[in-house]
Amino acid sequence: MTEPTRREQILATAADLFAARGFHGVSVADLGAACGISGPALYKHFPSKQAMLAEMLTSISERLLAVGRERVAAGAGDPAAALRGLVDWHLEFALEQRALIVVQDRDWESLPTDAREQVRRLQRRYIELWTDQLLSIDPSRSAATTHAAAQAAFGLLNSTPRAGHSIADDDLRRLLGSMALAALGVEAAVGGGG
């Protein structure tokens, strides 16, 4: 794995601060201090705090979609295997990026309109990966039902910022993975869950 760029380090720090205090509760001076630079020096990397938020949420949506496509391809035409791969990937993301989940939930309205639309487009494509697999397993389901099932699974998997305070990450991964797969109507792989 490559070392994160300075820009990526700033985004990670911003995500932690936004998650802890909210987008509007963090000043440019706060961000600069947390990154070890002056607030105005942040403008060498990002034109504004909103631009940071936009890149943060757009880039995670792009990554979710890209890796999601890889997991579906790795399922080699087996929709249940693809869904297990998608659940596993989403859990990996959710456990490693708790701050981003909080920021997405709480600070969505602070995104500039064009960034919000871009994130929505990417999220729709990501949901389509899931719904396509669900429809392949059970073509009698309606598109609305499969969409709702995928959204419900995301809600469960994205509960990691709130659910993991008294349980180890490995145990939380197994618990949420098995629950998501059961909710989607997919059996867990032999020897484990999501």
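Buried, in these notes, means under 20% relative accessible area. I am keeping that cut-off at hand while I go through this predicted model.

**Entry 1: Thr160**

I began with Thr160, which lies in helix 8, residues 160-163. Is Thr160 buried or exposed? Its relative accessible area is 1%, so Thr160 is buried. I then looked up what surrounds Thr160, skipping its neighbours within four places in sequence. Its contacts are Ala94, Leu95, Arg98, Ile101, Leu172 and Leu176.

**Entry 2: Ala94**

Ala94 turned up in that list, so I followed it next. I found Ala94 in helix 4. At 0% relative accessibility, Ala94 counts as buried. Which residues does Ala94 touch, leaving aside those within four places in sequence? They are Ile101, Leu157, Asn158 and Thr160. I also checked a distance from Ala94 to Pro161: the two are 67 residues apart along the chain, and their C-alpha atoms are separated by 8.2 Å.

**Entry 3: helix 7 and helix 9**

Two packed helices are described by the angle between their axes and the distance between the axes. I looked up both for helix 7 (residues 143-157) and helix 9 (residues 169-184). Their axes come within 10 Å and cross at roughly 170 degrees. That makes helix 7 roughly antiparallel to helix 9, since angles over 145 degrees count that way.

Which residues make the contact? Helix 7 brings Ala149, Ala150, Ala153, Leu156 and Leu157, while helix 9 brings Leu176, Met179, Ala180 and Leu184. Sorted by class, I get nine nonpolar residues, no polar ones and no charged ones.

I noted two single residues in these helices as well. Ala143 has its place in helix 7, and with a relative accessible area of 53% it is exposed. From Ala143 to Ala153 there are 10 residues along the chain, and 15 Å between the C-alpha atoms. Gly177 lies in helix 9, and at 0% relative accessibility it counts as buried. I paired Gly177 with Val87: they are 90 residues apart in sequence and 6.4 Å apart in space, C-alpha to C-alpha.

**Entry 4: the nonpolar core**

How many residues are in the largest nonpolar core? I read off 58, and those with the most contacts inside it are Phe18, Met56, Trp130 and Leu184. Leu184 I had already met in the contact of helix 9 with helix 7.

The elements that give two or more residues to this core are helix 1 (6-21), helix 2 (28-35), helix 3 (49-74), helix 4 (79-96), helix 5 (98-107), helix 6 (113-137), helix 7 and helix 9. Which of them gives the most? That is helix 3, with 10 residues.

I opened up Phe18 for a closer look. Beyond its neighbours within four places in sequence, Phe18 is in contact with Phe23, Val26, Leu31, Lys49, Leu53, Met56, Val103, Arg106 and Asp107. Met56, in that list, is another of the residues with the most contacts inside the core.

**Entry 5: helix 2, side by side**

The buried residues of helix 2 are Val28, Leu31, Gly32 and Cys35. Why do I put them on the same side of helix 2? They cover an arc of only 95 degrees around the axis. These buried residues pack against helix 1 and helix 3. On the face turned away from that buried side I found the exposed residues Ala29 and Ala33. Just after helix 2 comes Gly36, whose phi is positive, near 80 degrees.

**Entry 6: helix 3 and the loop after it**

Ile60 lies in helix 3. At 13% relative accessibility, Ile60 counts as buried. Setting aside neighbours within four places in sequence, I list its contacts as Phe93, Leu100 and Gln104. For a distance check I took Asp30, which is 30 residues from Ile60 along the chain; their C-alpha atoms are separated by 23 Å.

Where does Ala76 lie? I placed Ala76 in the loop between helix 3 and helix 4. Ala76 is exposed, with a relative accessible area of 67%. What I flagged here is the backbone: Ala76 has a positive phi of about 50 degrees although it is not a glycine. Gly36, after helix 2, also has a positive phi.

Note on methods
Residues are numbered from 1 along each chain as its sequence is written. This is a predicted model: local features need pLDDT of at least 70, side-chain atom pairs count only at pLDDT 80 or more; totals for chains, interfaces and linings use all residues. Side-chain values use heavy atoms; hydrogens and water are left out. Axes are lines fitted to C-alpha atoms, for helices over the stretch in contact, and angles run from 0 to 180 degrees between N-to-C directions. Helices (H or I, at least four residues) and strands (E, at least two) are DSSP runs, numbered from the N terminus. Angles under 35 degrees count as roughly parallel, over 145 as roughly antiparallel, 65 to 115 as roughly perpendicular and the rest as oblique. Contact means heavy atoms within 4.5 Å. Ala, Val, Leu, Ile, Met, Phe, Trp, Tyr, Cys and Pro count as nonpolar, Asp, Glu, Lys and Arg as charged, and the others, Gly among them, as polar. A nonpolar core is a set of buried Ala, Val, Leu, Ile, Met, Phe, Trp, Tyr and Cys residues joined through side-chain atoms within 4.5 Å. Buried means under 20% relative accessible area, exposed over 50%, partly exposed in between (1.4 Å probe, protein chains only). The arc is that of the directions from the helix axis to the C-beta atoms.
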